[in-house]
Amino acid sequence: MTSTPRRTFLKQVGVTAALPLVPAIFTGCTYPAARMRYNVLSAQGQAMTRKFARAVEIMKSAPAGDPRSWIFWWYTHAIPVSKAAAIEQVFGGVSSPAEDLAQKAWYTCQPHQSGENTDNFLPWHRMFILFFEKLIGAILRDDSFTLPYWNYSPGLPSSQSGIMPESFRSPGDPLLASLYCADRNSGVNSGSPIDAQNPGLLSTASAMAETTYSPQGPDQGFCNNLDFGLHGSVHLLVGTTTNMGYIPTSAQDPVFWMHHCNIDRLWASWNRAGNPNPTDPDFLSQVFWFAGPDCRAVSIKVGDVMSIAQLNYTYQEFEPAPFPLRGSTPKPRNHGPWASVFTTTVASAGAVSLGSGTTRIQIKPTPDIQRRLFDLSAAAPSVPDFSAYYLVIRDLRINAQPEVIYALYLDVSEGASDEALQALKVGDLNFFQVMPGMEMDELARFVSYDITELVKAFGLSASVCGVSLTIIPSGEPAAGSEPVIGSITIQKV
Ligand SMILES: [Cu+2]
């Protein structure tokens, strides 16, 4: 492998015709040492943030049709109007290389549209921030630039955990003003923790405990867990529905990039803990288009971004692998047996509309299961149960984003103490990925929670008697949002 000195890259950006389709800088043989992405709060991260602020200012001053503009990159993620309308608005029906690039690249964020492969969430966003980082390096003529990440999770000093970094809420600072966005939830810009109403919500534990990337049986897998869980929650907690809390507008807030850099860091951490990525050739051969640092269209394959070593960058810190949960059955590490394992729906509930207060529903055992399990327990009452149990939620629908996060509890009695509630908590549910009026009913698009420990520790015998599910919103859901959970089941493997 040949190595290209840094200065040569700068020249190549100037001499655009010489650039290959996928710049050599992404192939991992350009630099002798991996490039480091820093925590936004570290000294190096703060230096990068100041560079970032300067680049954002330059990008925001460029016209929307320029592939180096802020709007061009925001629209590459998603657009608040239709793609055709946005292209007409920006390019006025006149074709040009930039217009052609917009046709290829705009609104390609995965997997926000119905029918898309949910496994694309992590690789698409890795590509997106990688090309964005390269563009900033080119704009600043500073190839040492790397995107800083915002680590919001517990384990940090309380003065940092869940708090929007100060550089992103300093409108009076001439150097950092470009990173400020007034349109965030109340309290966020004054430094209140974004999870003040939802303690525990920013934990990475449930995602890091996954051992398969893709959904396997009733387990949603790492990619969906992170996408539908922590990732969506941070979007909603920063807010609002005209900014970070709504997919089409989310990439206009500069902090979007530091959030997604952290999501990418968590993926790299999960791999580092020994968990493998998919190897399916159809998945790996998918191609996406972006604006290259020279404003020309670049395409890149999913298979080219499966590891950060391959892309020659690294992170200042990685998330540690969690200890196995108390009493939990270790999950299988490979895809085979888990995929072919026999899954039984032991209990289910029909569609549930969530009102403005607490919703309590009964998940009933399926008649067949009730009879079979009754026979089984009568015949051998002391047979130990080695099964794993999952609460599986599908077909979420909304009229508008409810802007709250729902906490789910199993089998709590009315008026239960906070302590009792915490012991019976299943997890949290947000509707960030759900678009109004869209049917999101693909098989692989679901949220699930491993409730094995709860079922066994509390003797819930979900399979025989059914169990209640209590759903409590973190605040007042937005009027007219009318969130619905299409299906709730308990599945046993
Ligand atoms: Cu996002």
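Let's start with strand S9, residues 406-410: 5 of its 5 residues are buried, so the strand is largely enclosed by the rest of the structure. Keep in mind as we go that this is a predicted model.

Which way do the residues of S9 point? Tyr-406, Leu-408 and Leu-410 go one way, Ala-407 and Tyr-409 go the other, and all are buried. That fits the textbook picture, where side chains in a regular strand alternate between the two faces of the sheet.

Now for the partners of S9. With strand S10, residues 425-429, S9 pairs in the antiparallel sense over 4 bridges. With strand S12, residues 467-473, the pairing is again antiparallel, over 5 bridges. If you'd like one residue to follow on screen, take Leu-408: it stands opposite Gly-427 in S10, and in S12 its bridge partner is Ile-471.

From the strand, let's move to the core. The largest nonpolar core has 122 residues, and those touching the most other members are Met-127, Phe-131, Phe-132, Phe-290, Ile-393, Tyr-406 and Ile-451. You'll recognise Tyr-406, one of the S9 residues we just saw. Which helix supplies the largest share of this core? That would be H6, with 12 residues. The core also takes at least three residues from each of domain 1 (6-315) and domain 2 (342-492).

Ile-451 deserves a quick look of its own. Setting aside neighbours within four places in sequence, Ile-451 contacts Tyr-389, Tyr-390, Leu-391, Leu-410 and Val-426. Leu-410 there brings us back to S9.

Back to H6, then, and how helix H2 packs on it. As a reminder, two packed helices are described by the angle between their axes and the distance between the axes. For H2 and H6, the angle is about 85° and the axes are 10 Å apart. Angles of 65 to 115 degrees count as roughly perpendicular, so H2 is roughly perpendicular to H6. On the H2 side, the residues involved are Lys-51, Phe-52, Arg-54, Ala-55, Ile-58 and Met-59, and they meet Ile-136, Ile-139 and Leu-140 in H6.

Last stop, helix H3, residues 70-77. Is H3 mostly covered or mostly open? Mostly covered, with 7 of its 8 residues buried. Those are Trp-70, Phe-72, Trp-73, Trp-74, Tyr-75, Thr-76 and His-77. And what covers them? The cover includes our two helices from a moment ago, H2 (43-61) and H6 (121-140), along with H4 (83-91), H5 (97-105), H10 (247-250) and strand S2 (287-291).

That's my tour, and I'm happy to take questions.

Terms used. Residues numbered from 1 in each chain as written. Predicted model: local features only at pLDDT ≥ 70, side-chain atom pairs only at ≥ 80, totals over all residues. Buried ≥ 20, exposed ≤ 12 C-beta atoms within 10 Å, placed from the backbone. Contact = placed C-beta atoms within 7 Å. Core = buried A, V, L, I, M, F, W, Y, C linked by C-beta atoms within 7 Å. Domains from an automatic or database assignment. Pairing = 2+ DSSP bridges. Axes fitted to C-alpha atoms, helices over the stretch in contact; angles between N-to-C directions. Parallel < 35°, antiparallel > 145°, perpendicular 65-115°, else oblique.
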